[in-house]
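Me: I've got this one open on my screen and would like a close look at a single part, the open sheet and what packs around it. Could you walk me through that, and then show me how the rest of the chain compares?

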Amino acid sequence: MWMETTLVTKESSLEDVAALFGDCEGYGMVEEERNGLMALTFFAPLEEGEDLWLAKENWIASVSQRLKEAGFSEVVVETKLLEDDSWNSSWKEYVKIMELIPGLCVEPKWEEGKTPEGTDCIIIDTESSFGTGNHETTQCCAKLIALHGKGAKHILDIGTGTGILLFVAEHVLQGEGEFVGIDLDAKAVAQAIQNGEYNHSKAVFFEGDLDAVYEGVADLIIANLTG
């Protein structure tokens, strides 16, 4: 089972509220406009055998307390319990085709074929919403790559996730150069490799610590990390 939580707040508070629950973004975090306000939705797994009614009440209390301590007293908290299959499809409803940088769209695998013909796109599949281009940090990094990445020959993406930013760099550089992605998470590396195949990418991906798996040099280093 999963707990779907939606926080409805003013746009000016959205970034700070999202940061407050950054520890939950690994399972999917999405934003949408709602009647002039912003709704931030994220998901958290529940332990097997846990009393669902009690878990929901405790979760609401925990979220409300965290908001109160941070000074966000006007945020509306909404929750919903989801089965595993429902969670997997629920966050995908929020993630659609979007333009990441001028001339380049991100097309979620479940939206494949819906990008207008003749538009350059990156196809991305993932088990959570992070790494689809909808997160502000991904969008910011992509813009910086487009602005400063031209001319790079050796591109290294540390904490590559779905590989999306490495594919952005490959697009910006028109495939010219060496593209390497590294991640500690074996599942992330496997997903990045799969996404590379979807995009006919020349990028290579390695699992492990930077010092252990990479001995080259890089003139463009990408690191969209949390810590």
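Reply: In this predicted model, the open sheet has four strands in the order β2-β3-β1-β4, and their pairing is antiparallel. At the edges sit β2 (29-34) and β4 (76-82), each of which pairs on one side only. Going from one strand to the next, the twist averages 20 degrees.

Look at the middle of the sheet now. Strand β1 (residues 2-9) is joined to strand β3 (residues 37-45) by eight bridges in the antiparallel sense. If you want a spot to start clicking, try methionine 3, whose bridge partner in β3 is alanine 44. As you step along a strand, keep in mind that side chains in a regular strand alternate between the two faces of the sheet.

Helix α2 (residues 52-69) lies across β1, β3 and β4, and runs at about 150 degrees to β4.

Next, the aromatic rings. A search of the whole structure turns up two aromatic pairs. One of them is phenylalanine 21 with phenylalanine 42, a stacked pair with 5.2 Å centre to centre and 25 degrees between the planes. Phenylalanine 21 is in the loop between α1 (11-20) and β2, while phenylalanine 42 is in strand β3, so the pair ties together parts that are 21 residues apart in sequence. Are these two rings buried or exposed? Phenylalanine 21 has 1% relative accessibility, so it counts as buried. Phenylalanine 42 is buried as well, with a relative accessible area of 0%.

The other pair is phenylalanine 167 with phenylalanine 205, and this one is edge-to-face, with 6.1 Å centre to centre and 75 degrees between the planes. It links distant parts of the chain: phenylalanine 167 belongs to helix α5 and phenylalanine 205 to strand β10 (residues 204-207), 38 residues apart. Phenylalanine 167 is buried at a relative accessible area of 4%. Phenylalanine 205, at 10% relative accessibility, also counts as buried, because the cut-off is under 20%.

Helix α5 (residues 164-172) takes us into another part of the chain. Together with β8 and β9, α5 makes a right-handed β-α-β unit. Strand β8 (residues 154-158) and strand β9 (residues 178-183) run parallel, with five bridges joining them. Histidine 154 has glutamate 178 as its bridge partner in β9. β8 also pairs with strand β11 (residues 220-222), again in the parallel sense, over three bridges. There, aspartate 157 stands opposite isoleucine 222 of β11.

What sits inside? The largest nonpolar core has 27 residues, and Ile155 and Val168 are those with the most contacts inside it. At least two residues of this core come from each of β5 (98-101), β6 (104-108), β7 (121-124), α4 (136-148), α5, α6 (186-198) and β11. Helix α5 gives the largest share, seven residues. Setting aside neighbours within four places in sequence, isoleucine 155 is in contact with Leu166, Ala169, Leu173, Glu178, Phe179, Val180, Leu220 and Ile222. A second, separate core has 19 residues, and that brings us back to some familiar names: Met3 and Phe21 are among its members, along with Leu14 and Val75.

Two of the strands that feed the largest core, β5 and β6, deserve a quick stop. They pair in the antiparallel sense over three bridges, and isoleucine 101 has leucine 104 as its bridge partner in β6. Their hairpin has two residues between the strands, and glycine 103 takes a positive phi near 85 degrees there.

Past that hairpin, in the loop between β6 and β7, you'll find glutamate 111. Glutamate 111 is buried, with a relative accessible area of 10%. Leaving out neighbours within four places in sequence, its contacts are Val95, Lys96 and Ile97.

One more loop residue before you close the window: glycine 149, between α4 and β8. Its relative accessible area is 1%, so glycine 149 is buried. Apart from neighbours within four places in sequence, glycine 149 is in contact with Leu144, Leu173 and Leu220. Its C-alpha atom is separated by 8.9 Å from that of aspartate 219, although the two residues are 70 residues apart along the chain.

Definitions and conventions:
Residues numbered from 1 in each chain as written. Predicted model: local features only at pLDDT ≥ 70, side-chain atom pairs only at ≥ 80, totals over all residues. Heavy atoms only, no water. Pairing = 2+ DSSP bridges. Right-handed = clockwise from strand over helix to strand, strands pointing away. Axes fitted to C-alpha atoms, helices over the stretch in contact; angles between N-to-C directions. Contact = heavy atoms within 4.5 Å. Core = buried A, V, L, I, M, F, W, Y, C linked by side-chain atoms within 4.5 Å. Buried < 20%, exposed > 50% of the residue type's maximum accessible area, 1.4 Å probe, protein only. Phe/Tyr/Trp six-rings, centres within 6.5 Å; stacked < 30°, edge-to-face > 60°.
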